[in-house]
Amino acid sequence: MPKTLNPLELIARRWQPSAAFVRRAALVTVVMAVIIVVTGGAVRLTQSGLGCSTWPTCTPDSLTPTPAMGINGLIEFGNRMLTYVLCAVVGVFIIAARARHPRRRSLTRLGWAQFWLVMSNAVVGGITVLTGLNPYIVSSHFLAATALLTVAVLSWKRASEGDDAPCDVVARPVRQLAWLLVGATGALTVIGTVVTGAGPHAGDARKVHRIPLDWQEITQLHVDFVYIVVGLSVALWFTLRAVKAPAAPRRMTLELFACLALQGVIGYVQYFMGLPEIVIGFHMLGSTLVWIWVLRLCLSLRDRGPLLEENPGEPAPTDGRGAPEPQPAAALNP
């Protein structure tokens, strides 16, 4: 009796996506992760965090918002619906990575990691509503979205490189400096969530619990870490020039400077203008771009060999378990 194949294996037998398609699918997951962060911020900044009064339904009696809930209900519910779009995008990436021949398990694992992060963040979002926008849960909701963005960037990078063992393109101390930059930027992001949790934009027009800290003092700590990140970026750029590193990481360092400069301008504008909502939204977008470029810069300091760009015209035969069928010696050595 023939063994039943799982749906992903059946797709892999009938569809062979190109390497370029897999890369594009990975890039789309990055874009969607950024959109989720920005739209999540829009929910808070429009005071729509409790636009739907419960979860997983919108009200105790309705799955969708009612006319009485107004624009806030539509904004909150619309953000929830984006989760399904994100799941679809991640699903396309998982299917494309699984169908690609030869099979790359690292890509499919990263795809499934994205899927489970989406699911877990949906649950955290529900807890956020059920707890009345508890600021600690709100912060964890943003950090989970940042974790999703991190895995999406890793997937995009892996979809663009080969499967050789990682080989450093610079000396180990240089890579350690790059990882220090990643750590400082991560700390900057965490402190930013504390600023949000202590600040005036609670996500709802009613008075809700805030983190009991002076948000202006926390903002100053946030600014201090901005200077640390900028200093580390400058140090890394000079170091890469000194060791004659490849052009790609040096170019990415300059691109990171541009992101940091733009983010700094937006940060000062929002502070001196009294935290207008639209400027805070751009600041959240800038934070995602800074994080993406820091990760890309660090990942560019190692090489995993070239990627095989194209598949053979027909999918390789399998043994029924998804593994390539052994080929005769004559076929392997024409």
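This tour goes from the whole chain to a pair of helices and then to a patch on the surface.

Before selecting anything, note that this is a predicted model, in which local features need pLDDT of at least 70 and side-chain atom pairs count only at pLDDT 80 or more, while totals for chains, interfaces and linings use all residues. Residues are numbered from 1 along each chain as its sequence is written, and side-chain values use heavy atoms, with hydrogens and water left out.

Start with the whole chain, whose C-alpha atoms fill a box of roughly 75 × 60 × 25 Å along the principal axes. Colour it by secondary structure to find 10 helices and two strands, where helices (H or I, at least four residues) and strands (E, at least two) are DSSP runs numbered from the N terminus. Of the 334 residues, 44% count as buried, that is, under 20% relative accessible area, with exposed meaning over 50% and partly exposed in between (1.4 Å probe, protein chains only).

Next, select residues 172-198, helix 6, together with residues 277-299, helix 9, whose axes come within 9 Å and cross at roughly 160°. That crossing makes helix 6 roughly antiparallel to helix 9, a term used for angles over 145 degrees; the axes are lines fitted to C-alpha atoms over the stretch in contact, and angles run from 0 to 180 degrees between N-to-C directions.

Finally, select Trp55, in the loop between helix 2 (19-45) and helix 3 (70-99). Trp55 is partly exposed, with a relative accessible area of 30%.

Note on methods
Parallel < 35°, antiparallel > 145°, perpendicular 65-115°, else oblique.
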